[in-house]
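Visitor: I'd like to learn how to read the contacts in a model like this one. Could you walk me through it?

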Number of protein chains: 2
Amino acid sequence: MNIIDEAGILAISTRLQRLSDQLRKDGLLIYQACGIDFEPKWFPVIWALTAKPLLSVVEIAEEIGYTHPSTISLLKELEKIRLVRSRKDKADERKRLIALTPKGRELVEKMRPVWHVMARSLAELTDTPNNLLRAVEEVEAKLKERSFLECAKKIWKTGKDDVSL
Amino acid sequence: MNIIDEAGILAISTRLQRLSDQLRKDGLLIYQACGIDFEPKWFPVIWALTAKPLLSVVEIAEEIGYTHPSTISLLKELEKIRLVRSRKDKADERKRLIALTPKGRELVEKMRPVWHVMARSLAELTDTPNNLLRAVEEVEAKLKERSFLECAKKIWKTGKDDVSL
DNA sequence: CAAAGATACGTAGTTGACTACATATTATCA
DNA sequence: TGATAATATGTAGTCAACTACGTATCTTTG
């Protein structure tokens, strides 16, 4: 992976993805090592339902920043293993209200110490001169103001008048 | 995406992936805006072949840090649109040697100014107190020493003796 | 120098997110 | 109040990476 290192910022997308994958895979191994039958991809949904115990499909999707179809397929898996349940909202028949089952709440309590260890491990791993979580937050904030595309358009325009190009 | 923000470091994997996706999607739009028929996912392969003009499949995979099956499917696409070509290595019949075609080299030259703009845009977007690229490099380096799993195991052990748990 | 192991490439199927589209219910307003 | 728009959910198929496995060729070694 020498060459990609040299590409520097141009390959940042690739490297973010690889880092994300690596952490998720190890996340799964950590759950397994603790004898917990849980997949990292379920975390956002379960976390959302722990914070807000009764949510519709779209509300969960918004909370976790996924599209609703992705959320639906996660919920399908979680319902299958009985960690969440759902029922129609009587006030609005379009909505399906989701909540943790007792089994789900029990598992959350069992996972809390594992989450604590994960959080401490990740804190340690990202405790470097440039903090990864902070960096992500900072870039997310900048992207909210101006997307990569818009930023490139701006630089393209100013570059056109620039002799150095 | 309130809840996931609050999950902080535990949701770092999700956030890295989302950021990566966002950048890649805009990357595609930037190529399109420049009238260039190129997909961001091809960048690592093309970049590698620009730096080292003749490589086998596995060598490319190693350079860009992908598995060889992923590399093969990228190469298939690139051969289809005639940006790269391949021939058997006469010295070692197992190997297939890959190189840019003249069309490929021409496109690289056409893309260079676009890459320049992208690099400048990304540099601007990641020019924050905590530099994203540096942060990624730093975490990659730490993970090389000790994986997330190993780190968690260590913390788990020390935590067991700790009254605060 | 043949058998066993290592290496290179390829195929098939999986994964975890996505987009596009379809349907059902509710809300709005002329 | 009926037509239209908006919202909520669902389905189907895509995408870009992956793992697992298989075959062909080369290398090593008893």
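Guide: Let's start with an idea we need for the protein-protein part: buried area is the accessible area, taken with a 1.4 Å probe, that two parts lose on being put together, summed over both. Keep in mind that this is a predicted model.

Visitor: Fine. What area is buried between chain A and chain B, and how much of it do carbon and sulfur atoms give?

Guide: The size of an interface is often given as the accessible area lost when the parts come together. Here that area is about 7,900 Å², with carbon and sulfur atoms giving 71% of it. In residues, chain A brings 78 to the contact and chain B brings 78.

Visitor: And the polar side of that interface? How many salt bridges and residue pairs in polar contact are there between chain A and chain B?

Guide: The rule finds four salt bridges across the interface. One of them joins Glu124(A) to Lys154(B), where the closest N and O atoms are 2.8 Å apart. As for polar contacts, 29 residue pairs between the two chains make the count, both partners at pLDDT 80 or more.

Visitor: Which elements give two or more residues to the side of chain A that touches chain B?

Guide: Helices H1 (2-7), H2 (12-33), H3 (43-51), H4, H6 (102-125), H7 (132-145) and H8 (148-160) of chain A do. H2(A) has the largest share, at 16 residues. Sort that side of chain A by class and you get 44 nonpolar, 16 polar and 18 charged residues.

Visitor: Let me try a single residue. Is Ala33(B) buried or exposed?

Guide: For that you go by relative accessibility, and exposed means over 50%. Ala33(B) has 57%, so it counts as exposed. You'll find Ala33(B) in helix H2 of chain B, residues 12-33. Ala33(B) also lies 24 Å from Gln17(B), C-alpha to C-alpha, with their positions 16 residues apart in sequence.

Visitor: On to the DNA. Which residues are closest to DNA strand D?

Guide: With a strand, begin with what surrounds it, then ask which part of the DNA is touched. DNA strand D has 22 residues around it, the closest being Val58(A), Arg96(A), Lys41(B), Ser70(B) and Glu93(B). Of the strand's atoms that come within 4 Å of the protein, sugar and phosphate make up 70%.

Visitor: Which polar atoms lie by the phosphate oxygens of DNA strand D?

Guide: Check whether the protein atom is backbone or side chain. Val58(A) has a polar backbone atom 2.7 Å from a phosphate oxygen, and a backbone N or O atom of Val57(A) is 3.4 Å from one. Thr67(B) uses a polar side-chain atom, at 2.9 Å. Among the elements, H5(A) gives the most to the surface near this strand, four residues. By class, that surface has seven nonpolar, four polar and eleven charged residues.

Visitor: What about DNA strand C: which residues come nearest?

Guide: Of the 22 residues around DNA strand C, the nearest are Lys41(A), Ser70(A), Glu93(A), Val58(B) and Arg96(B). Now look at the type of DNA atom in each pair. The side chain of Thr67(A) places an N or O atom 3.0 Å from a phosphate oxygen, while Arg94(A) has a polar side-chain atom 3.3 Å from a base oxygen. Lys25(B) has a side-chain N or O atom 3.5 Å from a sugar or linking oxygen. For this surface, H5(B) gives the most, with four residues.

Key: Residues numbered from 1 in each chain as written. Chains lettered and ligands numbered in written order. Heavy atoms only, no water. Near = heavy atom within 4 Å. Polar contact = N/O pair within 3.5 Å; in protein donor to acceptor, adjacent residues only side chain to side chain. Nonpolar A, V, L, I, M, F, W, Y, C, P; charged D, E, K, R; others polar. Contact = heavy atoms within 4.5 Å. Salt bridge = Lys/Arg side-chain N within 4 Å of Asp/Glu carboxyl O. Buried < 20%, exposed > 50% of the residue type's maximum accessible area, 1.4 Å probe, protein only.
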